[in-house]
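The following exercises concern helix packing, aromatic pairs, backbone geometry and burial. Each task is followed by a solution in steps.

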Amino acid sequence: MDYNGILTLFDIDGTLVRGARCHYQAFVHAVNRYYGMKEDISGINYAGKTDPQILMEVLKMGQVPEETIQENFQDCLNYMTQYYIANVHLENVQALGGVTNLLKELKNENILMGLTTGNLEQIAYAKLGKAGLEGFFSFGGFGSDSPRRPCLVEKALERARKLHGYRGDQVFIIGDTPRDVEAAKPFNLKTIAVATGRYSSQELEKTGADFVLDNLQDMDGFFEIIKKVK
């Protein structure tokens, strides 16, 4: 089959990798440095949210004045990136089962791959590199582009067209949260939800995802999905 015209846009955390503890630590240190907050943010459900969105929620939860938030917001995000890059060598992030083989096969079939992730861009690529997934993705939509997840999809589509000349209409959003599915709806894109994060297959089916997989180890099943959509 000719797979030209297919674009796959992957989330990172919970979809491609797990165990990014250093990312959490980057949040904690940045918030403490710029806002003097030491609150534990582990209780927040940040699945599918962007880094700026999570940061804003944390600060509002801590009742930080709006003026103070805006004054230091970008510096705080920049420090998060710096902290993560400096400490990523200590990270224990790992590719989820089947992910490396799937990405290799997609690359072999010349299927265009991009990212839609709430991670800040430099954190995203550093995290993928630590997990052994460097070289598969050259573009995407990132938390550094916008705090709103649909905007990440829009930015990834824009870059696919501008940087890679993509002109197809078979686009798949692959993620592990309801927010990944929801972000695709304004653009009428197909969604593949994978139950490798905090949400079960049953919960993801209720989101209206076009397809739901238990994980990405079933390469044949994944290719069956992208073959059947025209």
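## Exercise 1: Aromatic pairs

The structure, a predicted model, holds 5 aromatic pairs.

**Task.** Classify the pair formed by F10 and F222, and state where the two residues lie in the chain.

**Solution.**
1. A pair of aromatic rings is described by the distance of the centres and the angle of the planes.
2. For F10 and F222, the centres are 6.4 Å apart and the planes differ by 15 degrees.
3. Planes under 30 degrees apart count as stacked, and the pair of F10 and F222 is accordingly stacked.
4. F10 belongs to strand β1 (residues 6-10) and F222 to helix α9 (residues 219-228); with their positions 212 residues apart, the pair links distant parts of the chain.
5. F10 has 0% relative accessibility and therefore counts as buried. F222, at 1%, likewise counts as buried.

**Task.** Classify the pair formed by Y34 and Y79 in the same manner.

**Solution.**
1. The ring centres of Y34 and Y79 lie 6.0 Å apart, with 65 degrees between the planes.
2. An angle over 60 degrees counts as edge-to-face, which is the class of the Y34 and Y79 pair.
3. Y34 is in helix α1 and Y79 in helix α3 (residues 66-87), 45 residues apart, so that this pair also links distant parts of the chain.
4. The relative accessible area of Y34 is 25%, so Y34 is partly exposed. Y79 has 18% relative accessibility and therefore counts as buried.

**Task.** Which residues do ring pairs link into a cluster?

**Solution.** The cluster consists of F10, F137, F222 and F223.

## Exercise 2: Packing of α2 against its helical neighbours

**Task.** Describe how helix α1 (residues 21-35) packs with helix α2 (residues 51-61).

**Solution.**
1. The axes of α1 and α2 are 12 Å apart, and the packing angle is about 50 degrees.
2. This angle makes α1 oblique to α2.
3. The crossing of α1 past α2 is right-handed.
4. On the α1 side, the contact uses H23, F27, V31 and Y35; on the α2 side, it uses D51, I54, L55, V58 and L59.
5. Sorted by class, this contact of α1 with α2 comprises 7 nonpolar, 1 polar and 1 charged residues.
6. An α-helix has 3.6 residues a turn, so residues three or four places apart point the same way.

**Task.** Repeat the analysis for α2 and α3.

**Solution.**
1. The two axes, of α2 and α3, come within 11 Å and cross at roughly 135 degrees.
2. The helices α2 and α3 are therefore oblique to each other.
3. Their crossing, that of α2 and α3, is right-handed.
4. From α2, the contact residues are D51, P52, L55, M56, L59 and K60; from α3, they are E66, I69, Q70, F73, C76, L77 and M80.
5. By class, the contact of α2 with α3 has 9 nonpolar, 1 polar and 3 charged residues.

## Exercise 3: Positive phi in two loops

**Task.** Where do N110 and N188 lie, and are they buried or exposed?

**Solution.**
1. N110 is not a glycine, yet its phi is positive, about 60 degrees.
2. The loop that holds N110 runs between α4 (99-108) and β4 (112-116).
3. With a relative accessible area of 59%, N110 is exposed.
4. N188 also has a positive phi without being a glycine, here of about 55 degrees.
5. The position of N188 is in the loop between α7 (178-184) and β7 (190-194).
6. At 72% relative accessibility, N188 counts as exposed.

## Exercise 4: Buried positions and their surroundings

**Task.** Characterise the environments of L9 and R149.

**Solution.**
1. L9 is located in strand β1, and its relative accessible area of 0% makes L9 buried.
2. Beyond four places in sequence, L9 touches G114, L115, T116, F139, A156, L157, V171, F172, I173 and I174.
3. R149 is located in helix α6 (residues 149-164) and, at 8% relative accessibility, counts as buried.
4. Beyond four places in sequence, the contacts of R149 include D11, K49, R179 and D180.

**Task.** Which residues of α9 are buried, and what covers them?

**Solution.**
1. In α9, the buried residues are G221, F222, F223, I225 and I226.
2. Among the elements that cover the buried residues of α9 are β1, α4, β6 (170-175), β7 and β8 (211-213).

Key: Residues numbered from 1 in each chain as written. Predicted model: local features only at pLDDT ≥ 70, side-chain atom pairs only at ≥ 80, totals over all residues. Heavy atoms only, no water. Axes fitted to C-alpha atoms, helices over the stretch in contact; angles between N-to-C directions. Helix = DSSP H or I, 4+ residues; strand = E, 2+ residues; numbered from the N terminus. Parallel < 35°, antiparallel > 145°, perpendicular 65-115°, else oblique. Left-handed = near helix turned anticlockwise from the far one by under 90°. Contact = heavy atoms within 4.5 Å. Nonpolar A, V, L, I, M, F, W, Y, C, P; charged D, E, K, R; others polar. Phe/Tyr/Trp six-rings, centres within 6.5 Å; stacked < 30°, edge-to-face > 60°. Buried < 20%, exposed > 50% of the residue type's maximum accessible area, 1.4 Å probe, protein only.
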